[in-house]
Amino acid sequence: MTARAIIMGLIGALFIGTIGYFNDQVPRVNYFVGNHFPIIVFFPLVLVALLNPLLRRFKVTAAEMAVAAALMLVACNIPGSGMLRFWSRNVAMPVHAYRSQPDWQKGHVLDRVHPAMLTNGGVYDDAVNQKLLTGGSSVPWAAWEKPISVWGPIIALVAIASICMALVVHRTWSRHDRLPYPIAQLAESMIEAGRGGSGSIFSSKLFWLGACIVLGIHLVNGANLWADNRLINIPLSLNINDIFTLFSEKGVVWGYWAVGWPYGQLVIWPTALAFACFVASDVSFALGISPLALTAVTTVLFGMGLPTSASTMDGGIFPWAHAGSFFAIALVLVYLGRRNYWHIARQAITFMPSRESRPYEAWAFRGLVVAVAALVLLLSHLGLSWPFAILVIVMILTAFLVMARINAESGLILMETWWQPISVLMGLFGIKALGLGNYAIIAMLGLQFTINARECLMPLAVNAVRICDMHRVSPGRVGLGGSAAFVLVLAAAIPFSLFVDYKYGLQKGESFPVRSAPQRNFSNVALNYNRMSSEDRLASDSFSPLQRISEMTPNRNCLAAMAAGMVVVLVISALRMRFTWWPLHPILFLFWGTWAMGAFAFSFLVGWTLKLAASRFGVRHATLKTFMIGVIAGDLTGGALWMIVGAIYWAITGEAPKRYLVFPGG
């Protein structure tokens, strides 16, 4: 890790963490990040790789490019949905809404959380709360000091725990399980091309063919968008609403959540299609058929009279089954790597060297334990009962672990969880055992970390470590440097984001993180208060941790759905490991029904079909892969060019630019 690589990486990371937030909230050009394959990292990588051979004695080495990209990747968790998109809203908007909510006032809902978790101790102040919405003001730092002092360490500890987990699983996933890491593969191809030479991917006509086709499509379609659809458009989507209508008349349950194809559109996203050709066929096939499989299951359940309605925050059959599927995959991962993890844990505890593990893995294991313990202590200090503090941390980290595994195995760059820790804990314990205070804190933690984890840190971290490991950069150094970079960028990004919020206001942003999600959490607290007060159960707020466990009243539907999700995933995982011909990957059950999976499913199905056809017609996998790397490079370039056009337009006119999408929702 040279000084030049670290400086380049830190400058890029600070730019992403600060200007990335400004971009997403004010001009609202396409997101800098938006998913686990951020344009803001990989387009510059393509550009540097192209120009690097011309730099001669100033040429950047492959290891330097890898380190810089890794530090930037870690910072991508900060500006958007993974972090700052929800943070100030989570802390301030409940205080703003409290005055107009009689049920909240009756239930004293803001008193259920520690005052330091809210702005100004939970007391409304026009200069703090209203000005956050309207803008045109300076930051009232005194009202934010305590929330920053509480949430800053929580966020940093969760990030450090995520990076430590990435280091612990790295060798098992990359060496033992031989996962493809499609994103790291793409980065490696670009970095190697940056070295120059006749063997470079840039010397391949297939690469340039794929890049030019996709870039040409984006240039034509982007120009048409900016010309208000008065020019030529090359369609990449197909409207299937008529098919929805036809089948709904025949009793098949179609809809936004059931079919999983948002807005009735089959869309080809070139990067998703390309990554489908990088991975095992059963993976891309399972992802591709997920909307159809979910439709079939939903139709059967509906016909049986079972409730199919669901909410990420409140639970339901599908969210609870999703949670069970996540926990099952986590168990499978621990089982598959049990020997490696045992050696790592033994070295971490005994401090005795081992041939079967590496020193950095032992230190990462220790760091994970310390970070989790510190989180439990901190959350307990804030009023969360320690059993629930442990459970919610384990659930958050489990979600991150499974998302990282799926990203490394499938190249799925856009992922969401269809369950929240609060919905699972409510299903397992019930509100009497959980208590209103615990409910409110857990709901706030879920809103911060898992409600829309489309830029989750751990998938970014495992790719950062893998990219550097390919160039013999010590994973331990990458983990230490990445942790330091994250904390540094977070320390700069939080005050900068507040400056942006108070200068421009949140009303120009989106309604879900600003109003819907923060208010929903505390509305549920008020609703449960009314239920408990009518049944004389409010005394449960004073229960000891052990009393809460003894008062568990599990929801039978929750237990059945979670058990079903776990059993199905465990059985399919066992069949996949036992029989090479088994055609289905358990990834099907992890994300079906989510908006993210619906957006990408058709692209993975088309990619699976292309890969199958290429195999049947004797096209070498390496040939297909070269073409698809060009497709991804063209996608990145097209997206970056229209982002630049949008930024220039906003800088000149001050008006919101057209948003040309190369990735869903970005």
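The following exercises, with worked solutions, concern a predicted model.

**Exercise 1.** Determine which residues have the most contacts inside the largest nonpolar core, and which helix gives the most to this core.

*Solution.* The largest nonpolar core has 224 residues. Those with the most contacts inside it are Phe37, Phe42, Trp144, Trp173 and Met190. Helix H7, residues 141-176, gives the most to this core, with 19 residues. Apart from this core lies another, of five residues, including Phe86 and Met313.

**Exercise 2.** Classify the aromatic pair formed by Phe326 and Phe591, and state which parts of the chain the pair ties together.

*Solution.* The ring centres of Phe326 and Phe591 are 5.7 Å apart, with 85° between the planes. Planes over 60 degrees apart count as edge-to-face, so the pair is edge-to-face. Phe326 lies in helix H14 and Phe591 in helix H26, so the pair ties together parts that are 265 residues apart in sequence. Both residues, Phe326 and Phe591, are buried.

**Exercise 3.** Carry out the corresponding analysis for Trp642 and Tyr660.

*Solution.* The centres of the two rings are 6.3 Å apart, and the angle between the planes is 55°. Angles between the stacked limit of 30 degrees and the edge-to-face limit of 60 count as tilted, so this pair is tilted. Trp642 belongs to helix H28 and Tyr660 to the segment after H28, so the pair ties together parts that are 18 residues apart in sequence. Both Trp642 and Tyr660 are buried.

**Exercise 4.** State which ring lies beneath the charged end of Arg338, and at what distance.

*Solution.* The charged end of Arg338 sits over the ring of Tyr335. The distance to the ring centre is 4.0 Å.

Terms used: Residues numbered from 1 in each chain as written. Predicted model: local features only at pLDDT ≥ 70, side-chain atom pairs only at ≥ 80, totals over all residues. Heavy atoms only, no water. Core = buried A, V, L, I, M, F, W, Y, C linked by side-chain atoms within 4.5 Å. Buried < 20%, exposed > 50% of the residue type's maximum accessible area, 1.4 Å probe, protein only. Helix = DSSP H or I, 4+ residues; strand = E, 2+ residues; numbered from the N terminus. Phe/Tyr/Trp six-rings, centres within 6.5 Å; stacked < 30°, edge-to-face > 60°. Lys NZ or Arg CZ within 6 Å of the ring centre and 35° of its normal.
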